[in-house]
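Let's walk through this model together, beginning with one residue and its backbone and ending with the way the chains are arranged. Keep the viewer open as you read.

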Number of protein chains: 2
Amino acid sequence: MFDLKAYLKVKQQRINAALEELWHDHESSPTLLVQAMRYSLEAGGKRLRPVLCLCASEVMGASEADVMPAACALELVHTYSLIHDDLPAMDDDDLRRGKPTCHKAFDEATAILAGDALLTAAFEVLAAAGRCRPGSALKWLEVIYLIARGAGYSGMVEGQMMDISSEGKTITLEELERLQRLKTGALIEASVRVGAVLGGGSAQQIAALGAYGRHIGLAFQVADDILNIEGKPEMLGKPVGSDAAHQKATRPSLTGLDQAKARAVQLADKASDALRIFGNKGEPLVALARYVIERNR
Amino acid sequence: MFDLKAYLKVKQQRINAALEELWHDHESSPTLLVQAMRYSLEAGGKRLRPVLCLCASEVMGASEADVMPAACALELVHTYSLIHDDLPAMDDDDLRRGKPTCHKAFDEATAILAGDALLTAAFEVLAAAGRCRPGSALKWLEVIYLIARGAGYSGMVEGQMMDISSEGKTITLEELERLQRLKTGALIEASVRVGAVLGGGSAQQIAALGAYGRHIGLAFQVADDILNIEGKPEMLGKPVGSDAAHQKATRPSLTGLDQAKARAVQLADKASDALRIFGNKGEPLVALARYVIERNR
């Protein structure tokens with residue numbers, strides 16, 4: 001039986017070490033900007049996107065060291081998105097992972113700039129990794145393209161825009177699913193695809209992993225919606241019920257809690273089904289799909 | 001005698017056409033996000049960074065079409081930085097280029113997201129250009145690296161952070177110069193370097209163009225400080241005197257107006273001197289250095 005807990009712990013430790021390594025030039029006297037960037041980056045996330053990226057690349061036998069810069073870049077992009085989403089003009093959240101949000105710990109201008117700098121740093125890390133690996137230059141350009149597409153105006157940012165625009169409004173289940181696929185799903189799918197590309201996957205393998213990523217991307221957000229109702233604040237690091245308070249449409253608010261849970265299970269199953277071509281090698285990703293819907297934070 | 005006015009007009013038209021081309025998929029029903037991105041992008045900037053990039057590449061005889069995606073990406077990054085700098089939590093400006101700023105024309109959340117999306121789109125455009133040119137993949141990774149470095153926490157964003165932190169405080173001329181080199185100079189220097197790299201410049205040529213970019217980058221900001229005192233609001237598209245109102249340290253506020261003007265001329269001269277190795281081919285860049293300090297907007 002695959003031990004996901006142990007697997008996650010090892011991966012998270014290595015990802016955290018690689019993220020810390022990014023700042024080694026700034027160790028002695030970090031600027032206030034770098035302090036704010038690191039404050040949010042090191043606030044204790046699950047590192048799900050980097051783990052998915054590494055895990056997808058390992059299905060094809062890639063070396064962790066070769067993929068790690070992309071894993072780090074994904075976490076930089078994710079962290080920037082959290083900082084900006086928490087801003088007063090957006091979701092106006094005071095707590096994230098049990099700590100004051102960036103604009104509370106610093107100030108609003110610093111939080112905006114720390115987010116901008118994290119997003120930019122992601123592409124610096126990716127380009128630097130590609131420059132050092134001339135034989136894989138095209139693969140790294142593909143990775144940059146996938147992350148920029150997943151994070152930008154056709155992906156995550158558009159999803160956040162839809163999320164804010166729909167507050168207090170009635171939207172259909174179809175609209176909600178589209179919103180959630182963009183807001184959360186696009187970067188998660190990109191994380192898996194990036195691992196597949198760097199792992200040297202064939203077109204068929206990349207498509208299979210892409211389908212997996214697409215299903216767990218949506219599953220992750222459905223699970224998030226459920227946690228926002230049923231989760232424990234001490235595990236989540238933020239108050240529960242904030243979606244309802246913001247009058248946000250969520251899966252449970254549109255279909256009820258039971259159907260939302262059934263949809264999460266269905267999506268995790270579809271994700272696992274997409275991995276059949278990999279046989280036993282897909283085991284860690286199958287376990288991650290379960291984890292995405294059964295996590296408590 | 002080189003006709004800069006005619007040269008600029010042609011370049012600006014081609015850059016604007018290439019920027020419009022970016023949205024051809026969204027023509028029929030642009031999202032609100034894309035509308036906000038285009039609102040700021042098409043508000044009538046000088047396109048100085050793209051022009052510098054194209055112009056630097058032409059010194060080595062590069063084709064404009066090959067460099068244009070990088071030129072566009074630079075303008076996307078520049079436009080994002082203006083939108084975020086204008087936000088209430090930052091400089092809180094209502095007018096930019098004679099039009100309401102993005103957060104005034106739309107709202108604050110939309111402006112934050114439009115900036116985020118423009119920055120991300122810059123890297124999407126760069127990666128897409130590199131993917132289509134497999135023979136130059138490494139050059140495009142270098143370009144992405146240069147732009148990310150120039151725009152990020154070691155460049156423009158750090159400069160903006162210093163700018164905000166120093167409002168109302170006394171800073172030395174040395175500190176001001178460092179701030180301005182980061183806030184404005186870093187992306188301008190990157191623009192020239194990107195052109196040099198894509199033009200296939202030798203290490204010596206890239207260094208010469210880098211020095212040129214470094215000098216005009218600072219010259220541009222010194223000229224901006226002077227325009228904020230002596231400029232005509234109808235040309236600038238914003239009120240004059242805002243630096244003084246914000247208690248911002250500027251070159252003129254630290255050294256007086258005459259010395260600031262002398263410094264701008266000195267920097268433009270140094271920039272031109274750096275181009276000697278190119279002979280007559282450097283003429284457009286020499287004219288641009290003049291333009292940077294003599295422009296009225």
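**Two loops and an axis**

A:Arg47 counts as buried, because 23 C-beta neighbours lie inside 10 Å and the threshold for that label is 20 or more. Bear in mind that you are looking at a predicted model. To find A:Arg47, go to chain A and look in the loop that connects helix H2 (32–41) to helix H3 (48–59).

What is the sign of phi at A:Arg47? Phi is positive there, about 60°, although A:Arg47 is not a glycine. As background, most residues other than glycine have a negative phi.

Further along chain A, a second residue invites a look. A:Gln247 is not a glycine either, and has a positive phi of about 55°. A:Gln247 sits in the loop between helix H12 (242–245) and helix H13 (251–255) of chain A. Is A:Gln247 buried or exposed? A:Gln247 counts as exposed, because 12 C-beta neighbours lie inside 10 Å and the exposed label applies at 12 or fewer.

Now zoom out to the pair of chains. Turn chain B by 180°, with a shift of 0.0 Å along the axis, and chain B can be laid on chain A with an RMSD of 0.0 Å. That is the relation of a two-fold axis. Which residue of chain B has the C-alpha nearest the axis? That residue is B:Ala137, with its C-alpha 2.9 Å from the axis. The contacts fit this picture too: both copies use the same surface, and 100% of the contact residues of chain B recur in chain A.

Terms used. Residues are numbered from 1 along each chain as its sequence is written. Chains are lettered from A and ligands numbered from 1 in the order in which they are written. This is a predicted model: local features need pLDDT of at least 70, side-chain atom pairs count only at pLDDT 80 or more; totals for chains, interfaces and linings use all residues. Copies are superposed by least squares on the C-alpha atoms of residues with pLDDT of at least 70 in both. Two residues are in contact if their C-beta atoms, placed from the backbone, lie within 7 Å. Helices (H or I, at least four residues) and strands (E, at least two) are DSSP runs, numbered from the N terminus.
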